[in-house]
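Visitor: I would like to walk through this structure with you. Could you show it first, and then take my questions in turn?

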Amino acid sequence: MTTFETVIGLEVHLQLKTQTKIFCACRNEFGHAPNTHVCPVCLGLPGTLPVLNRQVLLDAMKVGLALNCQINDFVKFDRKNYFYPDLPKDYQISQYDFPIAKNGFLDVVSNGNKKRIGITRAHMEEDAGKLIHDAENACSLVDYNRTGTPLVEIVSEPDMRSAEEAYDYLTALKLTLSYLGVSDCDMEKGSLRCDANVSIRPVGQDKLGTKAELKNLNSFSAVKKAIEFEVGRQTGLILSGGSVVQETLLWDEAKGRTLSMRSKEQAHDYRYFPDPDLVPFTLDVAQIDRVKKDLPELPYAKLDRFMTAYKLNQYDAFILVQDPALADFFEACIKIYPDSKKLANWLNGPLMKELNERKKVFAQIKLLPLEMTELVRKVEDGVVSNLVGKDILGIVLSEGKSVESIIQEKGLAQVSDDTVLEKVVDEVLADNLKTVAEIKGGKTGALGFLVGQAMKKMQGKANPKKVNEILTRRLQND
Amino acid sequence: MVSQETVNYIAGLARLHLAGAESEKFAKDLEAILHYVQKLDGLDVSVIKPTSHVLNVENVFRDDVIKPGLSQEQALAFSVENLNGGYKVPKVIE
């Protein structure tokens with residue numbers, strides 16, 4: 001029986017978060033009443049002229065450079081012609097044969113191995129408007145606020161061989177792009193969108209099979225599920241003697257299947273030609289080098305550095321670099337408190353938990369490196385227990401008070417006073433005669449249970465190390 | 001020769017509805033136009049860079065600064081029909 005290999009290429013559209021649109025001075029922002037951020041240019045009224053937003057070219061250059069692309073020194077815009085109500089000019093201004101960036105790559109960690117995925121090109125274009133389907137009135141309503149939102153489209157080579165790899169590429173791409181600060185990179189909000197080209201071919205064959213283009217992939221997991229479904233569909237089709245037709249398919253998340261979009265078959269003749277309304281652009285090497293030099297440290301470089309410089313394991317470093325703000329915070333903390341492992345544990349554990357519970361990212365909370373390190377130190381010095389430390393972190397974040405004042409006000413300091421602890425141990429020993437007998441009989445593991453009982457009596461405020469010491473001594477002497 | 005199928009295909013892309021004899025007429029017209037333009041094939045252009053723009057101007061930008069546009073009322077004044085702040089169009093099937 002023939003075994004098949006999956007071939008996947010992804011096209012990602014990234015919305016840039018510039019102040020204004022790509023070719024006009026309208027505010028580039030979502031969530032406003034329909035058709036309130038529009039002007040004669042983005043509405044495509046006759047006689048208007050588009051003028052390129054300088055920041056868009058810069059941001060697109062950043063994207064290209066971060067993806068190890070060659071930046072073209074000659075860049076122009078072209079018209080992509082098609083009719084659709086969300087496209088008021090009846091053409092989209094895009095880039096055809098001279099995109100801003102080409103021939104790049106992204107290194108992706110997939111299944112524990114590093115894999116290099118080729119980037120064919122990245123180009124600038126304008127977004128279309130938004131169609132709202134009004135079932136009640138049997139019509140569609142168009143909102144042109146999104147028209148002219150700057151996009152960078154990133155086209156990968158057909159280098160991925162499984163849905164998993166496509167998922168990992170997308171994850172790595174999103175992380176890299178988020179470091180650039182040029183976009184929200186939020187799939188749910190549509191600021192990052194993905195189409196997948198999927199085909200299969202017999203293992204060993206060089207020629208690509210006929211591809212299907214998957215659209216309406218609204219989440220990372222949808223990308224994975226849709227590709228898995230599509231590979232199954234194509235394999236079944238070929239094994240039963242049929243063949244794959246090149247077409248655009250929509251992913252139906254609710255039904256968990258791809259559906260044919262029959263109407264689009266003829267629409268692939270876009271008749272690109274240079275847009276006479278926009279003059280070309282030439283970029284000099286010095287300018288490109290300057291942008292390259294100003295790129296932030298990218299996630300995989302940061303990961304390697306964190307592992308070498310701070311002796312973190314890959315797991316800890318990987319979590320930290322997921323959020324550049326958190327990674328910066330870690331580096332600010334480590335200057336004050338040098339134990340990287342303990343710090344990483346606090347940031348990736350309790351702090352992450354607090355962020356998740358609040359549904360926030362690090363940049364949205366107020367936490368000073370000095371407070372964080374103070375807390376870790378208090379726990380390490382035994383002033384407060386680990387458990388109480390976690391509570392204090394929650395209070396610091398909610399009330400914005402200092403660690404020291406919370407400990408004072410709430411009386412959270414750990415009790416290390418021998419006379420108090422001896423008394424508690426007395427009680428615990430008296431209450432648990434059976435366990436005491438077991439320990440004396442050699443079942444030393446039960447000691448932990450007694451420590452736990454003492455902690456409980458002290459509402460978590462006893463110094464567990466001290467309790468342990470006292471218990472051990474008493475059990476030996478008695 | 002420009003076939004009538006080609007004419008109909010182009011008309012379809014441009015959303016033009018041609019009456020019966022028109023596609024024949026346009027096939028002849030287009031043929032004549034193409035024939036005329038083919039004179040250029042006789043020129044040696046091997047050393048000439050493709051022209052992407054007729055103006056000798058490059059690098060025209062604007063700064064990323066917001067300026068007021070149209071109000072919703074002004075924007076919708078261009079619509080044939082509107083509803084709830086949107087341009088009303090025939091139902092689009094996705």
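Visitor: Where shall we begin: which residues touch the most other members of the largest nonpolar core?
Guide: Happy to start there, and please keep in mind that this is a predicted model. The largest nonpolar core holds 75 residues. Those touching the most other members are Val63(A), Ala122(A), Ala166(A) and Ala196(A).

Visitor: Which helix of chain A gives the most to this core?
Guide: The contribution to look for is 8 residues. They come from the stretch 163–180 of chain A, which is helix H2.

Visitor: Which residues is Ala196(A) in contact with, leaving aside its neighbours within four places in sequence?
Guide: A contact here means C-beta atoms within 7 Å. On that basis, and with the neighbours within four places in sequence set aside, the partners of Ala196(A) include Ala166(A) and Leu214(A). The others are Ile8(A), Leu10(A), Leu217(A), Val223(A), Ala226(A) and Ile227(A).

Visitor: How many residues does the second, separate core have?
Guide: Among its members are Phe330(A), Val376(A), Ile392(A) and Leu412(A). The size of this second core is 29 residues.

Visitor: Back to Ala196(A): which residue stands opposite it in E13(A)?
Guide: Strand E12 of chain A, residues 192–202, pairs with strand E13, residues 212–217, in the antiparallel sense over 4 bridges. Within E13(A), the residue opposite Ala196(A) is Leu214(A).

Visitor: E13(A) is also joined to E14(A); do they run parallel or antiparallel?
Guide: Strand E14 of chain A covers residues 247–252, and 4 bridges join E13(A) to it. One facing pair is Lys215(A) with Leu250(A). The direction of E13(A) and E14(A) is parallel.

Visitor: Is the β-α-β crossover from E13(A) to E14(A) left-handed or right-handed?
Guide: Follow the chain out of E13(A) and through helix H3 of chain A, residues 220–239, before it arrives at E14(A). This crossover is left-handed.

Visitor: In the open sheet of 3 strands, which are the edge strands?
Guide: The strand order is E6-E5-E16 in chain A, with antiparallel pairing. Strand E5, residues 78–81, is joined to E6(A) by 4 bridges, and Arg79(A) has Ile93(A) as its bridge partner there. Pairing on one side only marks the edge strands, E6 (91–94) and E16 (273–274) of chain A.

Visitor: How far apart are the centres of domain 1 and domain 2 of chain A?
Guide: Chain A is divided into domain 1 (4–287), domain 2 (297–410) and domain 3 (418–477). Taken over C-alpha atoms, the centres of domain 1 and domain 2 of chain A are separated by 37 Å.

Visitor: Which element gives the largest share of the side of domain 1 that touches domain 2 in chain A?
Guide: In this contact, 5 residues of domain 1 meet 5 residues of domain 2. By class, the domain 1 side has 3 nonpolar, 1 polar and 1 charged residues. The largest share, 3 residues, comes from H2(A).

Visitor: Turning to the two chains, which element of chain B gives the most to the side that touches chain A?
Guide: The contact takes 40 residues from chain A and 32 residues from chain B. By class, the chain B side has 16 nonpolar, 8 polar and 8 charged residues. Strand E1 (61–62), helix H3 (72–76) and strand E3 (86–90) of chain B each supply at least two residues. The most, 5 residues, comes from E3(B).

Visitor: Which residue of E1(B) stands opposite Asn53(A)?
Guide: Strand E2 of chain A, residues 52–53, runs parallel to E1(B) and is joined to it by 2 bridges. Opposite Asn53(A) stands Arg62(B).

Key:
Residues are numbered from 1 along each chain as its sequence is written. Chains are lettered from A and ligands numbered from 1 in the order in which they are written. This is a predicted model: local features need pLDDT of at least 70, side-chain atom pairs count only at pLDDT 80 or more; totals for chains, interfaces and linings use all residues. A nonpolar core is a set of buried Ala, Val, Leu, Ile, Met, Phe, Trp, Tyr and Cys residues joined through C-beta atoms within 7 Å. A residue is buried if 20 or more other C-beta atoms lie within 10 Å of its own, exposed if 12 or fewer, and partly exposed in between; C-beta atoms are placed from the backbone. Two residues are in contact if their C-beta atoms, placed from the backbone, lie within 7 Å. Two strands pair if DSSP finds at least two bridges between them. Domain bounds come from an automatic or database domain assignment. Ala, Val, Leu, Ile, Met, Phe, Trp, Tyr, Cys and Pro count as nonpolar, Asp, Glu, Lys and Arg as charged, and the others, Gly among them, as polar. A crossover is right-handed if, with the strands pointing away from the viewer, the path from the first strand over the helix to the second runs clockwise.
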